[in-house]
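Me: I would like to learn how to read a structure feature by feature. Please take me through one.

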Amino acid sequence: MKPGLRICLAAWLCNASVLTHAAGNLAQTAEFQVTGTLLESACYLDPSSAYQTLSLGDLSTARLLRIGDQGAPIALHLKLQGCIRVNGGRQDEQQGTLVWSAIEPVATMAFNAVADANTPALIRVSGAEGFGLRLLDIQGNDVRLGRTAPGWFVSPGDNQLTYYIRPERTSAPLRPGAFRASLNVNLAYD
C-alpha cells in the first residue's frame with residue numbers, strides 16, 4: 001500500500017423518506033452514512049493463509065538428545081493473490097541497500113514470536129520443554145524474529161511464499177508433552 005494513497009469514500013443518502021401507512025404516523029425520515037477506504041495495494045494475502053494451524057505431529061525425544069539436534073521441518077505457505085504490475089521500492093534494513101523496480105512491487109515480511117529463553121533465535125514452545133522452533137526461508141537460511149527480512153520482487157498474478165519451521169534442542173532440560181507456539185507475520189508492499 002502506498003502511503004497517502006488512501007481514498008476515503010463517503011456517500012450520504014440524505015432525507016431518505018419512508019412513508020408508513022400505520023395509524024398516526026404520517027412520515028418518518030432516516031439518514032444513512034456509508035464510509036469505506038479504497039486502498040492501493042500490490043497484492044493481498046489469501047484468506048486461507050491468514051490463520052493456519054501447522055502440526056509437527058509426534059516428535060521423538062530420541063531425535064533431540066543433544067543441544068542443536070533438529071527434527072524434521074514442516075512447510076509454512078503464504079499465498080498472495082491479485083498481484084499487479086506497479087513500481088515499487090524499499091530500503092533493505094539489514095544491508096542498507098535500495099531494492100527497486102519500475103514494474104514489480106517489493107514485498108517485505110517480519111516474523112514476530114516469543115523467543116526461547118535459552119536460545120533467542122528460536123520460537124518458544126509452551127507445554128513441552130527443552131526445544132524451540134527455528135524459522136527458515138526457502139533456501140534454509142535463518143529468519144530473524146522481530147526483524148524485517150530482505151525485500152523481494154513480487155511477480156504479477158498469484159504468488160506463494162514458503163518458509164519452514166523446524167524443532168531444535170536447546171540447553172533446557174528435555175520434558176516431553178503436548179506443545180504449542182504462536183508466530184505472527186507482518187507483510188508490507190511498496
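**Reading the contacts**

Reply: Start with one residue. At 40% relative accessibility, R175 counts as partly exposed. Keep in mind that this is a predicted model.

Me: Which residue does R175 meet in a salt bridge?

Reply: R175 pairs with E129 through their side chains, at 3.4 Å from N to O. The two residues sit 46 residues apart, so to speak of the chain, in distant parts. Here E129 lies in the loop between β8 and β9, and R175 in the loop between β11 and β12. E129 is partly exposed, at 40% relative accessibility.

Me: How many salt bridges does the structure hold?

Reply: There are 3 salt bridges. Take R134 next. D142 forms a salt bridge with R134, with the closest N and O atoms 2.9 Å apart. R134 also forms a salt bridge with E168, at 2.6 Å between the closest N and O atoms. That second pair links strand β9, which holds R134, to strand β11, which holds E168. R134 and E168 are 34 residues apart.

Me: What do the salt bridges with shared partners join into one network?

Reply: They join R134, D142 and E168.

Me: Are R134 and E168 buried or exposed?

Reply: Both are buried. R134 counts as buried because its relative accessible area is 11%, and the cut-off is under 20%. D142 has a relative accessible area of 48%, so D142 is partly exposed.

Me: Next, aromatic rings. What describes a pair of them?

Reply: Two values describe a pair: the distance of the centres and the angle of the planes. Now the case here. A search of the whole structure finds 2 aromatic pairs. One is F111 with Y163, edge-to-face, 4.9 Å centre to centre and 65° between the planes.

Me: Where do F111 and Y163 sit in the chain?

Reply: F111 is in strand β7, residues 106-112, and Y163 is in strand β11, residues 157-169. The pair links distant parts of the chain, 52 residues apart. F111 has 0% relative accessibility, so F111 counts as buried. Y163 counts as buried too, at 9%.

Me: Which residues form the other edge-to-face pair?

Reply: F131 and F179 form that pair, with 5.0 Å between centres and 85° between planes. F131 belongs to strand β9, residues 131-136, and F179 to the loop between β11 and β12. They are 48 residues apart, in distant parts of the chain. Accessibility splits this pair. F131 is buried, at 6%. F179 is partly exposed, at 27%.

Me: Now the nonpolar core. Which residues have the most contacts inside the largest one?

Reply: They are L80, M109, F111, V154, L161 and Y163. This core has 24 residues. Strands β4, β7, β9 and β11 each supply at least two of its residues. The largest share, 5 residues, comes from β4. Note that F111 and Y163 return here from the aromatic pair.

Me: What is F111 in contact with, leaving aside neighbours within four places in sequence?

Reply: The list includes L76, L135, V143, L145, Y163, L183 and V185. R144, G146, R147 and N184 are also among the contacts of F111.

Me: V185 is on that list. How far apart are the C-alpha atoms of V185 and A50?

Reply: They are separated by 8.9 Å, with their positions 135 residues apart along the chain. A50 is found in helix α1, residues 47-50. Its relative accessible area is 41%, so A50 is partly exposed.

Me: Last, the sheets. How do strands of a sheet pair?

Reply: Strands pair through backbone hydrogen bonds, either parallel or antiparallel. In this model, an open sheet of 3 strands has the order β10-β7-β12, with antiparallel pairing.

Me: Why is one side of β10 and of β12 left without a neighbour in the sheet?

Reply: Because β10 and β12 stand at the edges, each with a single partner strand.

Me: How many bridges pair β7 and β10?

Reply: They pair over 2 bridges, in the antiparallel sense. To find the register, look at A107, which stands opposite W152 in β10.

Technical notes
Residues are numbered from 1 along each chain as its sequence is written. This is a predicted model: local features need pLDDT of at least 70, side-chain atom pairs count only at pLDDT 80 or more; totals for chains, interfaces and linings use all residues. Side-chain values use heavy atoms; hydrogens and water are left out. Rings of Phe, Tyr and Trp (its six-membered ring) pair if their centres lie within 6.5 Å; planes under 30 degrees apart count as stacked, over 60 as edge-to-face and the rest as tilted. Helices (H or I, at least four residues) and strands (E, at least two) are DSSP runs, numbered from the N terminus. Buried means under 20% relative accessible area, exposed over 50%, partly exposed in between (1.4 Å probe, protein chains only). A salt bridge is a side-chain nitrogen of Lys or Arg within 4 Å of a carboxyl oxygen of Asp or Glu. A nonpolar core is a set of buried Ala, Val, Leu, Ile, Met, Phe, Trp, Tyr and Cys residues joined through side-chain atoms within 4.5 Å. Contact means heavy atoms within 4.5 Å. Two strands pair if DSSP finds at least two bridges between them.
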